[in-house]
Amino acid sequence: MSETAFKKAQMGQETTRGTKVVADIVLVDGILTANPDFSFSIPAEDRNSLAERHTRTLVRQEAALRWEGPCNFEDVIHWLLMSVKLVTPTTPVGGTNSRLWSFVPRMSVLSAPISYSVEWGDDDQELEAEFVMARSVTFRFTMDQPVQVTVDMFGRAPTKDTFTASLVAGTKEEIIATKAQIWIDGTWATLGTTVKSNFLRSA
């Protein structure tokens, strides 16, 4: 009989990029895979010798992370903040407790996405990385299914530590693909203002 380690992943939004913060977001309904990613410079050598000797210099070290699973309304905000840009939510007209985030990529200036500190591991060892941001965020739509999200991230090389304790995931609501809408450009001056009804089947 084998034993299975209890895995978990959690993260926190950094106030200053690269400065570690304690986690306050529990990631659920998905799987985080993480690997250290190192690059070395190994020059070719003419040494007039048969003895093996390889000069190598560490030139890059980082964490390569991927989150995959159903997308929910609570966490999708963080995937977009770490990939598109910083957005300050507003209260919609007639709203009280509701909030509206509008993620419109900037075309001519830096988008300045937010970085996160991510903790992951099992009941044996926790690892963490700072300065984590997304290389790509992919959404997959299939009718009668939750929207699936894949987030490829990078961050500083992982280090050993301990989990931020006593976090509660809370209630998270999955995004249903059948309720998605696609908006296209009416003209170049009105980006994303024309909705296409009965258009999305799967993507």
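**View 1. Glu128, found in strand 6, with its neighbours.** In this predicted model, Glu128 has a relative accessible area of just 3%, so it goes down as buried. Its side chain makes a polar contact of 2.5 Å with the side chain of Lys20. Who else is around? Leaving out residues up to four places away in sequence, Glu128 touches Lys20, then Val118, Glu119 and Trp120, and also Ala157, Pro158, Thr159, Asp161 and Thr162.

**View 2. Thr164, in the loop between strand 8 (159-161) and strand 9 (182-184).** Is Thr164 buried or exposed? With 16% relative accessibility it falls under the 20% cut-off, so Thr164 counts as buried. Its side chain has two partners to look for here. One is the side chain of Glu119, joined to that of Thr164 by a polar contact of 2.7 Å. The other is the backbone nitrogen of Ala23, which the Thr164 side chain reaches at 3.2 Å. Setting aside residues up to four places away in sequence, Thr164 touches Gln10, Val22, Ala23 and Glu119. Glu119 also turns up in the previous view, among the residues that Glu128 touches.

**View 3. Helix 1 (residues 73-81) and what covers it.** The protein chain has one helix, alongside 10 strands, and this is a close-up of that helix. Helix 1 is mostly covered, with seven of its nine residues buried. Those buried residues are Asp75, Val76, Ile77, His78, Trp79, Leu80 and Leu81. What lies over them? The cover for the buried residues includes strand 1, strand 2, strand 4 (57-70), strand 5, strand 6 and strand 7 (148-156). At the start of the helix, look for Asn72: one of its side-chain oxygens reaches to within 3.1 Å of the backbone nitrogen of Glu74.

**View 4. The largest pocket, with a volume of about 710 Å³.** Of the 17 residues lining this pocket, Val76, Leu80, Trp101, Phe103 and Phe139 are the closest to its centre. Which element gives the most to the lining? That would be helix 1, with four residues. The lining breaks down by class into 15 nonpolar residues, one polar and one charged. Two names carry over from the helix view: Val76 and Leu80 are among the buried residues of helix 1.

**View 5. The second largest pocket, with about 280 Å³ of space.** Here 15 residues make up the lining, and the closest to the pocket centre are Lys7, Lys8, Leu32, Trp120 and Gly121. Strand 1 (8-13), strand 3 (31-41) and strand 5 (116-121) each supply at least two lining residues. Strand 3 has the largest share, at four residues. As for residue classes, this lining has eight nonpolar, four polar and three charged residues. Trp120 should look familiar from the first view, where it was one of the residues touched by Glu128.

**View 6. Two non-glycine residues with positive phi, Asp29 and Phe131.** Why pick these out? Most residues other than glycine have a negative phi, so a positive value catches the eye. Asp29 has a phi of about 60 degrees and is found in the loop between strand 2 (25-27) and strand 3. Its relative accessible area is 39%, so Asp29 is partly exposed. Phe131, with a phi of about 55 degrees, lies in strand 6 (residues 126-140). At 26% relative accessibility, Phe131 counts as partly exposed too. Strand 6 is also home to Glu128, which is buried.

**View 7. Stepping back to the protein chain, whose pattern along the sequence is β-β-β-β-α-β-β-β-β-β-β.** The C-alpha trace spans about 75 × 50 × 35 Å along its principal axes. For the radius of gyration, the chain has 21 Å, whereas a compact globule of 203 residues would come out near 17 Å. How much of the chain is buried? Buried residues make up 30% of the 203. Take the contacts between residues at least 6 apart in sequence: 64% of them join residues at least 24 apart.

Conventions: Residues numbered from 1 in each chain as written. Predicted model: local features only at pLDDT ≥ 70, side-chain atom pairs only at ≥ 80, totals over all residues. Heavy atoms only, no water. 1 Å grid on protein atoms, 1.4 Å probe; cavity = no way out; pocket = protein on both sides within 12 Å on 5 of 7 lines; lining within 4 Å. Points joined across faces, edges and corners; volume = space filled by probe spheres on them. Nonpolar A, V, L, I, M, F, W, Y, C, P; charged D, E, K, R; others polar. Buried < 20%, exposed > 50% of the residue type's maximum accessible area, 1.4 Å probe, protein only. Polar contact = N/O pair within 3.5 Å; in protein donor to acceptor, adjacent residues only side chain to side chain. Contact = heavy atoms within 4.5 Å. Rg over C-alpha atoms; globule rule 2.2 N^0.38 Å.
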